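Thank you for making room for this on the agenda. Please bring up the model, and I will talk through it part by part.

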Amino acid sequence: MTTVHLIELDAFHLASGHIHRWYLSTKPGYRSGTGDTPAALSWLPLVGKPSDVSLSIARLGETMGATKVTLGSVELDNTRDWQGQRQARVYDVTADAWITVTLPARPLNLLLTDYALAGWPLTEKVIEEGAPYATAQVVTLVTMEMPDPDSKRSTINLSVRGREADFDDPLLTEKYSTGDGESLADRTKERTFGHCYMEPTYLGIIGGLYHWSVNGGHPIEGVPNLWDRGFRMDPRATGTPASNEFKVDPATGIIVTGSRPPEILCEVKGDKTGGVWRRHVGELAQHLAVTVAAKVPLTRVDTALVAALDALPREVGYAIPTGSSPTLREALDKLLGSLARGYWIVTAGDLLTVGRLLAPVAPAARIYRRGVNTPGLTPRSTDARGLPAKTVTLRYAPIPKVTQAIVGDALDEDVQLHKALWREVTSTDAATAAAYPGARSPTVETLLWDRTHAVAEQAEFLAELKQVRRVYDLVAQDGAPGIDRRAVLQVFDDLAGYEAGRLVTVIGRINNARSKIPTLVVRE
């Protein structure tokens, strides 16, 4: 039977302000049955080539948080229809109603003139011709860019990208005003999340006392310690602080001191929006995406996997100084990159998902055999050249800068803190060092706060990176419907270790618009 690719795209109708969903397909087209939902709907056969976007977890072959997003495209057929007056059924998402649209001679010109497409989602599915719509399987969910007609007007090239790129907007938007001082005007406010060290923002002298901010005016859990050039100042709960004291208002994150330290550093238990102090990787990632950046609603977060990730708690801290706003994607990369095999993705089901990429376990979602439904595995080169790691150094609990002039009466432990940007944990696997003289010795910089957690996570990183885990390209001749990143496959090949079948994990998918046969990037 013929496999048909279905394209369902949402677009903003400029005249009405409503969201309309268009239904298109590759030839020969598709019509749902009377018992389907939607019922008796014809998908217009105006997709020349389906998407060729590449989606992956982290860098291909690596699993340390950072996402990789590439642009692809969908080619739409806008050839002139000489008969004219073709009609399309379009779903008005806003009004929850079906409408009939009369198409012009070039049927998809309306997408260029009457709609805004950039930033709206496009879902691609595959289905067998004549099969019930319920059997359609999602191939990919992407975000559209600006559409462009080609020079002959017969084709519209629609650029698309992975949904993770939607997170490239600045995480922080709140700024100081001119009333907060000339040096702060129009600069983004500092924010502190979790548990970390930071240099507070100086607000000036108010009522004869020096005022500092650690969380842009938002509530915090507290400030356990504050140092002046390495000297630990005394906390004061009430009254006016003396020159060696500080007082904190947890409701606003404002610190008051009786003198102005030339080099100030504080330990902050940060943001407590909604009365909850979030300090573990999963809950903090969810908080940044849902509340701080307001990028996704809670309904679009896989909260079960957030809870599963934090069942093994790892306390982290993220201090963002005044005038600096990373993107949400960069923030999530830092958080999940603090865990061995940590990742975050937006799934084909449009859920923001965080977790650790685990070793593949049965059952496999699909079986691939060389010469049957795949030409076989092709080794893929990675940044590490396939070399295992013999030694891993994990850095945690950073300070913003080294203190230049430490006072003489500072405690030894405080002197050590102020002299180094990072705390470190290092260990070596002797067996790997003996077997591989050229093995790597990577350093991993994390947002971890607690030393106990850092020691445990360093062991996880070493256990992961000392393994020889090869990465392969697998051409899926069946189209790999329903196979997304994190799926487990079983592969039979005459490659060493695969003769009797071996489980692998999908970490990337590269759709091929011309052949409609995707390449899956898999790791052992």
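Before I turn to any residue, one cut-off has to be clear: I call a residue buried when its relative accessible area is under 20%, exposed when that value is over 50%, and partly exposed in between. With that cut-off, Cys-266, which has a relative accessible area of 0%, is buried. Please keep in mind throughout that what you see is a predicted model.

Let me begin with the protein as a whole. It has 524 residues, of which buried residues make up 51%, and its secondary structure consists of 7 helices and 35 strands. Taken along the principal axes, the C-alpha atoms fill a box of roughly 85 × 65 × 40 Å. The accessible surface comes to about 22600 Å², and carbon and sulfur atoms account for 50% of that surface. If we consider contacts between residues at least 6 apart in sequence, 69% of them join residues at least 24 apart. As for charge, there are 57 positive and 61 negative charges, and the mean positions of these two sets are 4 Å apart.

Next, the cysteines. How many disulfides does the structure hold? It holds 0. Cys-196 is in no disulfide, and the nearest cysteine sulfur to it, that of Cys-266, is 8.3 Å away, whereas a pair of cysteine sulfur atoms has to lie within 2.5 Å to be counted as a disulfide. Cys-196 has a relative accessibility of 7% and therefore counts as buried. Cys-266 is likewise in no disulfide, with the sulfur of Cys-196 as its nearest cysteine sulfur.

Now to the helices, and to H2 in particular, which spans residues 281–292. The buried residues of H2 are Val-281, Gly-282, Leu-284, Ala-285, His-287, Leu-288, Ala-289 and Val-292. What covers them includes strand S15 (191–198) and strand S23 (264–271), together with H3, H4 and S26.

Just after H2, Ala-294 takes a positive phi of about 50 degrees, and this residue is found in the loop between H2 and H3. I point this out because most residues other than glycine have a negative phi. With a relative accessibility of 57%, Ala-294 counts as exposed.

Beyond that loop comes helix H3, residues 303–310, in which Val-306, Leu-309 and Asp-310 are buried. Why do these residues lie on the same side of H3? They do so because they cover an arc of only 90 degrees around the axis. As a general reminder, an α-helix has 3.6 residues a turn, so residues three or four places apart point the same way. The buried residues of H3 pack against helix H2, helix H4 (328–336) and strand S26 (352–356).

Helix H4 is largely enclosed by the rest of the structure, because 7 of its 9 residues are buried. Those buried residues in H4 are Leu-328, Arg-329, Ala-331, Leu-332, Asp-333, Leu-335 and Leu-336.

I would also like you to look at two peptide bonds, given that most peptide bonds are trans. The bond from Thr-37 to Pro-38 is cis, with omega near 0 degrees, and Pro-38 lies in the loop between strand S3 (30–31) and strand S4 (42–43). The bond from Ala-362 to Pro-363 is cis as well, with omega near 5 degrees, and Pro-363 is found in the loop between S26 and strand S27 (366–369).

The loop between S3 and S4 is also the place of Ala-40, which has a positive phi of about 50 degrees although it is not a glycine. Ala-40, at 23% relative accessibility, counts as partly exposed.

Finally, let me show you one residue in a strand, Tyr-23, which lies in S2, residues 19–25. Is Tyr-23 buried or exposed? It is buried, with a relative accessible area of 7%. Tyr-23 and Leu-9 are 14 residues apart along the chain, and their C-alpha atoms are separated by 6.8 Å. If we leave aside neighbours within four places in sequence, the residues in contact with Tyr-23 include Ile-7 and Glu-8, the run Leu-41, Ser-42, Trp-43 and Leu-44, and also Arg-89, Tyr-91 and Trp-98.

That is what I wanted to show, and I am happy to go back to any part of the model.

Methods:
Residues are numbered from 1 along each chain as its sequence is written. This is a predicted model: local features need pLDDT of at least 70, side-chain atom pairs count only at pLDDT 80 or more; totals for chains, interfaces and linings use all residues. Side-chain values use heavy atoms; hydrogens and water are left out. Buried means under 20% relative accessible area, exposed over 50%, partly exposed in between (1.4 Å probe, protein chains only). Helices (H or I, at least four residues) and strands (E, at least two) are DSSP runs, numbered from the N terminus. The arc is that of the directions from the helix axis to the C-beta atoms. Contact means heavy atoms within 4.5 Å. Accessible areas come from the Shrake-Rupley method with a 1.4 Å probe; for residues, only the protein chains shown count as cover. Lys and Arg count as positive and Asp and Glu as negative; His and the chain ends are not counted. The place of a charge is taken as NZ of Lys, CZ of Arg, CG of Asp or CD of Glu.
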